[in-house]
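Trainee: Before any interpretation is attempted, may the structure be placed before us? I should like to proceed by question and answer.

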Amino acid sequence: MIKTIKITFLLFIFFGSTAMGLHRFYTAIYQINYVAEKKMIQITTRIFADDLNDALKNQYHKNTFLGTEKETPEDIVLMKKYLSENFKLTVNGKPQDMNYLSNEVEDNVIICYLNIKDVSKINSLAIENSILIEIHPEQQNIIQFNNNGTKKSLLLSSETTKGMLK
């Protein structure tokens with residue numbers, strides 16, 4: 001119950017600060033849903049655009065303009081590469097490649113849509129998420145997982161970049 005209250009509070013702060021266009025803390029949200037009838041994992045990420053651009057500059061030594069009118073196809077390629085290198089899922093002990101579908105911008109937040117196909121059942125889900133930690137050691141990545149109505153949460157940070165949901 002306390003964990004749910006903490007996550008709700010963090011979500012409130014996250015979306016409240018998004019509406020103001022600036023933020024003083026570093027949080028990203030990842031919603032992972034398993035859709036049994038489609039045998040698919042659907043993933044939605046919510047990451048502050050300015051932080052993501054800073055991370056891409058730090059990692060690849062190139063200025064990017066994600067979430068702005070100056071955004072280029074090359075910016076998207078670098079973002080996809082960064083996501084695949086820093087956000088990994090292992091389902092039932094097998095590493096999975098995520099398919100990037102699209103993204104959209106809402107205020108200063110980039111929302112990415114990804115999926116993993118051909119997943120018949122989830123017994124365990126290992127998550128590795130080091131997104132933005134190299135530029136913001138205080139970064140927190142909140143994982144929300146819905147497996148056929150069973151909801152679980154995980155908080156990853158610079159101290160703990162890996163976690164397991166069963």
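**Salt bridges, strands and backbone angles**

Mentor: Glu74 and Lys62 form a salt bridge, in which the closest N and O atoms are 3.4 Å apart. The pair links distant parts of the chain, with Glu74 in helix 3 and Lys62 in the loop between helix 2 and helix 3, 12 residues apart. Please note that this is a predicted model.

Trainee: How does Glu74 count by its relative accessibility: buried, partly exposed or exposed?

Mentor: Buried requires under 20% relative accessible area and exposed requires over 50%. Glu74 has 43% relative accessibility and therefore counts as partly exposed. Its partner Lys62, at 33%, is likewise classed as partly exposed. The class asked for, for Glu74, is partly exposed.

Trainee: How many salt bridges does the count come to?

Mentor: Besides the pair of Glu74 and Lys62, the side chains of Arg46 and Glu106 meet in a salt bridge at 3.5 Å, N to O. The count comes to 2.

Trainee: How many residues apart in sequence are the parts that Arg46 and Glu106 tie together?

Mentor: The side chains of Arg46 and Glu106 meet in a salt bridge. Arg46 belongs to strand 2 and Glu106 to strand 5 (residues 99–106), so the parts tied together are separated in sequence. Arg46 has 21% relative accessibility and counts as partly exposed, and Glu106 has 38% and is also partly exposed. The separation between the parts tied together by Arg46 and Glu106 is 60 residues.

Trainee: What is the secondary structure pattern of the protein chain, read along the sequence?

Mentor: The protein chain comprises 3 helices and 10 strands. Read along the sequence, the pattern is α-β-β-α-α-β-β-β-β-β-β-β-β.

Trainee: What percentage of contacts between residues at least 6 apart in sequence join residues at least 24 apart?

Mentor: The protein chain has 166 residues, of which buried residues make up 44%. Its exposed area is about 9100 Å², with carbon and sulfur atoms supplying 52% of that area. Among contacts between residues at least 6 apart in sequence, the share joining residues at least 24 apart is 60%.

Trainee: Against which elements do the buried residues of helix 2 pack?

Mentor: Helix 2 covers residues 49–60 and reaches 16 Å from its first C-alpha to its last, close to the 16 Å expected. Its buried residues include Ala49, Leu52, Leu56 and Tyr60. These buried residues of helix 2 pack against strand 2 (40–48), helix 3 (73–86) and strand 6 (109–117).

Trainee: How is the pair of rings of Tyr30 and Phe87 classed?

Mentor: The count comes to 1 aromatic pair. The ring centres of Tyr30 and Phe87 are 4.9 Å apart and the planes lie at 35°. Planes under 30 degrees apart would count as stacked and over 60 as edge-to-face. The pair of Tyr30 and Phe87 is therefore tilted.

Trainee: Which strands hold Tyr30 and Phe87?

Mentor: Tyr30 and Phe87 are both buried. Because the two residues lie in separate strands, the pair ties together parts that are 57 residues apart in sequence. Tyr30 lies in strand 1 (residues 27–35) and Phe87 in strand 3 (residues 87–91).

Trainee: Which residue of strand 8 is the bridge partner of Ile29?

Mentor: Strand 1 and strand 8 pair in the parallel sense over 8 bridges. Of the 8 residues of strand 8, 7 are buried, so the strand is largely enclosed by the rest of the structure. The bridge partner of Ile29 in strand 8 is Ile142.

Trainee: Which residue in the turn between strand 8 and strand 9 has a positive phi?

Mentor: Strand 8 is joined to strand 9 (residues 150–157) by 8 bridges, and the two run antiparallel. Within this pairing, Ile143 has Leu154 of strand 9 as its bridge partner. Strand 8 and strand 9 form a hairpin with 2 residues between them, and the turn residue with a positive phi, of about 55°, is Asn148.

Trainee: How does Leu132 count by its relative accessibility: buried or exposed?

Mentor: Most residues other than glycine have a negative phi. Leu132, although not a glycine, has a positive phi of about 70°, and its place is in the loop between strand 7 (125–129) and strand 8 (140–147). With 1% relative accessibility, Leu132 counts as buried.

Note on methods. Residues are numbered from 1 along each chain as its sequence is written. This is a predicted model: local features need pLDDT of at least 70, side-chain atom pairs count only at pLDDT 80 or more; totals for chains, interfaces and linings use all residues. Side-chain values use heavy atoms; hydrogens and water are left out. Helices (H or I, at least four residues) and strands (E, at least two) are DSSP runs, numbered from the N terminus. The expected span of a helix is 1.5 Å times one less than its number of residues. Buried means under 20% relative accessible area, exposed over 50%, partly exposed in between (1.4 Å probe, protein chains only). Contact means heavy atoms within 4.5 Å. A salt bridge is a side-chain nitrogen of Lys or Arg within 4 Å of a carboxyl oxygen of Asp or Glu. Accessible areas come from the Shrake-Rupley method with a 1.4 Å probe; for residues, only the protein chains shown count as cover. Rings of Phe, Tyr and Trp (its six-membered ring) pair if their centres lie within 6.5 Å; planes under 30 degrees apart count as stacked, over 60 as edge-to-face and the rest as tilted. Two strands pair if DSSP finds at least two bridges between them.
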